[in-house]
Amino acid sequence: MPRYVGAIDQGTTSSRFIVFDKGGNIVSVAQKEHRQIYPKPGWVEHDPMEILSNTNEVIGAALARANLTAADLAAVGITNQRETTVVWDRKTGQPLCNALVWMDTRTDQLVQHFTRDGGQDRFRAKTGLPLATYFAGLKLRWILDNVEGAKAKAEAGDALFGTVDSWLTWNLTGGANGGHHVTDVTNASRTMLIDLATCAWDDDMLNAFGIPRACLPNIVPSSAVYGEIRTAPLQGTKLAGMLGDQQAALVGQTCFAPGEAKNTYGTGSFLLMNTGTEPVQSKAGLLTTLAYQFGDETPRYALEGAIAITGALVQWLRDNLKLFDVAPQIEPLARSVEDNGDVYIVPAFSGLYAPYWKDDARGVIAGLTRYATRAHLARAALESTAYQVRDVVEAMQEDSGIRLATLKTDGGMVANELLMQFQADILNAPVVRPKMTETTALGAAYAAGLAVGYWANLEDLRANWGVDKTWEPAMAAETRDKYYRSWKKAVQRSFAWVD
């Protein structure tokens with residue numbers, strides 16, 4: 001009996017492979033960053049071949065570190081950066097161009113084109129999504145329009161489209177020699193090309209965007225055996241789980257009941273609330289999305305607040321402004337001042353996502369005086385994450401009618417205790433960090449393990465969840481209100497920068 005389950009966690013900045021035991025504990029992990037390619041302002045690309053190579057490398061490294069082989073794994077799951085769009089040649093396996101990353105804004109003209117006739121919410125009732133540069137369908141349309149030969153190949157079925165889950169799965173299960181071209185319901189729901197109610201590609205959306213059906217992957221459940229991996233070192237292992245990264249974190253946090261929610265603090269931040277078996281249409285600027293589908297069960301839905309830039313703002317302060325050498329240094333720097341010095345940073349580097357959906361917004365630093373120091377900038381950067389999360393929480397409460405009792409957190413930024421305390425203060429709600437913060441990879445492992453019977457049921461998964469630390473709100477109400485009013489003022493200043 002195999003002792004472990006593996007998870008490929010292919011994120012915006014790096015690829016990882018993590019091996020988990022039955023208790024949801026990490027047995028081994030390896031990670032490697034990939035290049036961020038910026039050809040023009042607002043354009044963000046990744047090299048799909050580099051991602052594939054790095055993924056294979058970290059799989060080998062993680063297995064070697066724990067002296068494991070494919071035979072030790074009951075199954076492998078994949079979780080991935082969502083919306084990032086890859087188009088490749090079915091016969092050669094070569095990408096037709098670099099991947100267009102989820103935060104890439106080059107489709108802004110397409111968004112404006114489709115918004116003119118029916119507004120930003122013209123397709124929301126069917127897809128759960130507003131027209132925005134974020135989603136994969138229009139990125140695919142841009143590639144078909146702008147990459148030589150792409151449209152003809154796609155129409156003939158010789159070019160394949162997928163988000164990164166599809167790209168990796170196709171390569172792992174045989175590539176040009178019979179690789180499976182699939183995507184799960186959660187990733188499909190981020191293309192703007194499916195009907196949420198049926199979880200199937202929608203002819204009206206394909207016609208509206210001019211997308212040939214021949215290039216699209218088959219849509220599968222998030223937890224099911226898709227096939228065997230045919231590449232070393234995982235050859236013979238079942239590939240059995242697939243979830244977009246934020247849905248994977250929801251599963252990893254065991255948010256299986258309607259009303260349960262989590263927030264992942266990563267490159268961006270993403271708050272998801274399980275809404276059960278019916279999609280809830282948002283009136284407050286949130287996304288309606290698939291949460292997961294386990295086997296033949298009815299799909300579960302979620303409301304999502306997507307924030308484009310949180311951890312990426314820390315990277316920007318480090319790499320572009322050189323305020324510190326490594327990301328963890330931001331916390332002591334921010335702690336060296338008592339407050340933000342009335343400085344606010346709105347990191348609208350690629351527009352603002354939920355709940356504003358302003359593609360024409362750009363980043364601003366507001367409230368600067370001669371008093372402000374790099375420490376105030378560091379503190380303002382951390383606080384901007386907490387303010388953006390509150391914006392989303394308020395929208396979620398308005399849509400769902402459910403007051404957030406506690407916020408379950410995960411992702412890289414939860415190690416920053418100054419941020420966690422400020423988040424509790426500005427939300428006026430407890431913030432909980434679980435013992436296992438690698439919930440994205442864990443969710444993919446759970447999906448794969450459920451499919452092969454490694455875990456028997458959801459109660460097995462709930463039993464693994466435990467609290468590491470809780471932060472209680474300690475800020476005076478008038479202080480909280482003053483901070484948040486100033487934040488809202490700064491957000492207004494970021495609107496309509498791009499003509």
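1. The side chains of R82 and E83 form a salt bridge, with nitrogen and oxygen 3.8 Å apart. This is a predicted model, and the pair is a suitable place to begin reading it. Both partners are covered: R82 has a relative accessible area of 2%, and E83 is likewise buried at 2%. Because buried residues are those under 20% relative accessible area, R82 at 2% falls in that class.

2. R82 has a further partner in E304, and here the closest N and O atoms are 2.6 Å apart. R82 belongs to the loop between β5 (73–80) and β6 (85–89), whereas E304 belongs to strand β18 (residues 300–307), so this salt bridge ties together parts that lie 222 residues apart in sequence. E304 is buried, its relative accessible area being 0%. In general, side chains of opposite charge can pair when their charged atoms come close.

3. A search of the whole structure gives 30 salt bridges. Another of them joins D319 and R318, with an N to O distance of 2.6 Å. Here the setting is partly exposed: D319 has a relative accessible area of 37%, and R318 has one of 24%. Elsewhere, salt bridges with shared partners connect R82, E83, R190, D245 and E304 into one network. The reader may wish to display these five residues together when inspecting the loop that holds R82.

4. Attention may now pass to strand β22 (residues 431–434). Which way do its side chains point? V431 and R433 point one way, V432 and P434 point the other way, and all are buried. This agrees with a general pattern: in a regular strand the side chains alternate between the two faces of the sheet.

5. Strand β22 has neighbours that run in opposite senses. Strand β21 (residues 407–410) is parallel to β22 and is joined to it by 2 bridges; L407 has V431 as its bridge partner in β22. The connection between these strands passes through helix α13 (residues 417–427), and the resulting β-α-β crossover is right-handed. Strand β23 (residues 467–471), by contrast, pairs with β22 in the antiparallel sense over 4 bridges. V431 takes part here too, with W471 as its bridge partner in β23.

6. Helix α4 (residues 136–146) deserves a separate point. How many of its residues are buried? Of its 11 residues, 8 are buried, and the helix is mostly covered. The buried residues are A136, G137, L138, K139, L140, W142, I143 and L144; a lysine, K139, is therefore included among them. These residues pack against β6, β7 (99–100), α2 (108–115), α5 (150–156), β8 (159–163) and α8 (203–209), so that both strands and helices are found among the contacts of α4.

7. Aromatic pairs number 24 in the structure. In one of them, the rings of W102 and Y134 have centres 6.1 Å apart and planes at 65°, so the arrangement is edge-to-face. W102 is in the loop between β7 and α2, and Y134 is in the loop between α3 (124–127) and α4; the pair thus ties together parts 32 residues apart in sequence. W102 counts as buried at 3% relative accessibility, as does Y134 at 1%. Both residues also belong to one aromatic cluster, formed by W102, Y134, F135, F270, Y353 and W357.

8. A second aromatic pair is made by Y387 and F422. Their ring centres are 5.5 Å apart and their planes stand at 90°, so this pair too is edge-to-face. Distant parts of the chain are linked in this way: Y387 is in helix α12 (residues 374–400) and F422 in helix α13, 35 residues apart. Both Y387 and F422 are buried. Helix α13 has already appeared above, as the helix of the crossover from β21 to β22.

9. Finally, two contacts of charged side chains with aromatic rings should be noted. The charged end of K22 sits over the ring of Y454, at 4.8 Å from the ring centre. R390 lies over the face of Y484, and its distance from the ring centre is 3.7 Å.

Key:
Residues numbered from 1 in each chain as written. Predicted model: local features only at pLDDT ≥ 70, side-chain atom pairs only at ≥ 80, totals over all residues. Heavy atoms only, no water. Salt bridge = Lys/Arg side-chain N within 4 Å of Asp/Glu carboxyl O. Buried < 20%, exposed > 50% of the residue type's maximum accessible area, 1.4 Å probe, protein only. Pairing = 2+ DSSP bridges. Right-handed = clockwise from strand over helix to strand, strands pointing away. Contact = heavy atoms within 4.5 Å. Phe/Tyr/Trp six-rings, centres within 6.5 Å; stacked < 30°, edge-to-face > 60°. Lys NZ or Arg CZ within 6 Å of the ring centre and 35° of its normal.
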